[in-house]
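Here's a quick walk through one protein chain, from its overall surface down to a few individual residues. Have the model open while you read.

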Amino acid sequence: MNNFEIRELPGKGRAMIATKNFAKDEVIFEEEPFVSRQFSWNVAYGYAACDHCMRPLETVLENVRRLASDPKVEVPLLQHDPTAQWVAQFTQCPRCKVRYCSEDCLMEAQKRYHRVACMGAFHSDDTHPINVLNETWKKMHYPPETGSIMLIVRLMAIYQQSTKKEEFLEQLQSFQSLIVNREQKIYHKMLGENFEQQMEQLYLAFCNAFTGEDFSMFKTPDAFKTLMAILGTNSQGIATSVLSQWVAKVSDLPLTDSEKEQLDTVIDGLYAKVAEFAGEFLNNEGSGLYLLQSKINHSCVPNACSTFPYSNDIVVLKALGPIQQGEEICISYLDECMLERSRHSRHKVLRENYVFICQCPKCRAQASDPDETSEDDDDDEMDDYDDDDDMN
């Protein structure tokens, strides 16, 4: 039984409301994704992850050496490597050689979508229509990634293999309430200034990839735009980096102050080596759509947070502090650094990436603050937002 309910709130749309009191750090819910997928560029760069749940398929030592492009980098405390216990269970699809962290994930993938999605020997064929679609997307959407066209490809496979297609369509439709009349802003955010031309290229590549009658309802221009808008507004970054998981484990060890200081120095050095070759380290491995998590509104003073404690795509929502019965449960769509920036900076990012204007208590309290700050760009205008846009 859930200890929350989804309600429609005036001026905000749907919201998650607590139906009991939650204590700090209490788990509100755990949820498997409706669909998830590794980022396209992460696959291209060799990030090894389970094709179903995105659990890392490389040890922390392999991960750091690859990211730093240095085979001599050493990582201490390898007994706390979160991947080590899974290595013996790694497996792969015998036809397409796509890898999984366990037989359970392989079987679940076969059950939900991989029987029809398996490309067999064509998996590495650059001329295959699915790979052409993916390459078309990659040329438009460079790292850091916020989504992947392959999420839509997997949705199509789930739909084709499903024996409950009406239920699937109802669940997919539940992601749409936030995107009515906002499509152009969403596409601009995902694809940039030339989004109209790029949307046409993606649409043609999508139609070439899905030619069967099963997909006819998704192949109209409007239906494809809706799929893209769902991707742009509802996809959640999934954090399964083995380096981050290892850092979390060793940081909780009962060490002396001197040992903690030495460990912090080592960790900082590892991140520096990674940044020197691969750029700024990002924890997100891929993205997913979550039926419950997508119903949670943003606040710049969140009372809950989405976590990925199992090194896979299961999201766990935890209370950041006490939450009272009847209170709205909110998360932050921004990272911790961005939350500390000005109201103007936060609104700029939320406007560009999530297409709404935040009216949380912090934003209302800062309403009289200057519209510009020294670190902000001076070309931001809010005029393209209608007065009746939803405000989270």
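The protein chain exposes about 19700 Å², and carbon and sulfur atoms supply 49% of that; accessible areas come from the Shrake-Rupley method with a 1.4 Å probe, and for residues only the protein chains shown count as cover. Keep in mind that this is a predicted model, where local features need pLDDT of at least 70, side-chain atom pairs count only at pLDDT 80 or more, and totals for chains, interfaces and linings use all residues. Residues are numbered from 1 along each chain as its sequence is written, and side-chain values use heavy atoms, with hydrogens and water left out.

Of the 392 residues in the chain, 49% count as buried (buried is under 20% relative accessible area, exposed over 50%, partly exposed in between; 1.4 Å probe, protein chains only). The chain has 14 helices and twelve strands (DSSP runs numbered from the N terminus: helices are H or I with at least four residues, strands E with at least two). Among contacts with a separation of 6 or more, 71% link residues 24 or more positions apart (contact means heavy atoms within 4.5 Å).

Here are three residues to click on:

| Residue | Place | Relative accessibility |
|---|---|---|
| Glu 32 | loop between E3 (27-31) and E4 (35-38) | 60%, exposed |
| Ser 311 | loop between E10 (304-307) and E11 | 9%, buried |
| Leu 317 | strand E11 (residues 315-319) | 1%, buried |

Start with Leu 317. Leaving aside neighbours within four places in sequence, its contacts include Met 16, Val 27, Phe 29, Ile 296, Cys 305 and Ile 331. The C-alpha atoms of Leu 317 and Gln 293 are 8.1 Å apart, with their positions 24 residues apart along the chain.

Now for Ser 311. Not counting residues up to four places away in sequence, Ser 311 touches Met 54, Arg 55, Pro 56, Pro 82, Thr 240 and Gln 245.

Gln 245 is one of the buried residues in H10, along with Val 242, Leu 243, Ser 244, Trp 246, Val 247 and Val 250. Because seven of the ten residues of helix H10 (residues 242-251) are buried, the helix is largely enclosed by the rest of the structure. What do the buried residues of H10 pack against? They pack against helix H2 (60-68), strand E7 (236-239) and helix H11 (257-278).

Back on the surface, Glu 32 gathers with Glu 103, Asp 104 and Glu 108 in a patch of negative charge.

Technical notes
Patches are made of residues with over 30% relative accessible area and no salt bridge: like charges are joined within 9 Å, nonpolar side chains (Val, Leu, Ile, Met, Phe, Trp, Tyr) within 5 Å. A salt bridge is a side-chain nitrogen of Lys or Arg within 4 Å of a carboxyl oxygen of Asp or Glu. Lys and Arg count as positive and Asp and Glu as negative; His and the chain ends are not counted. The place of a charge is taken as NZ of Lys, CZ of Arg, CG of Asp or CD of Glu.
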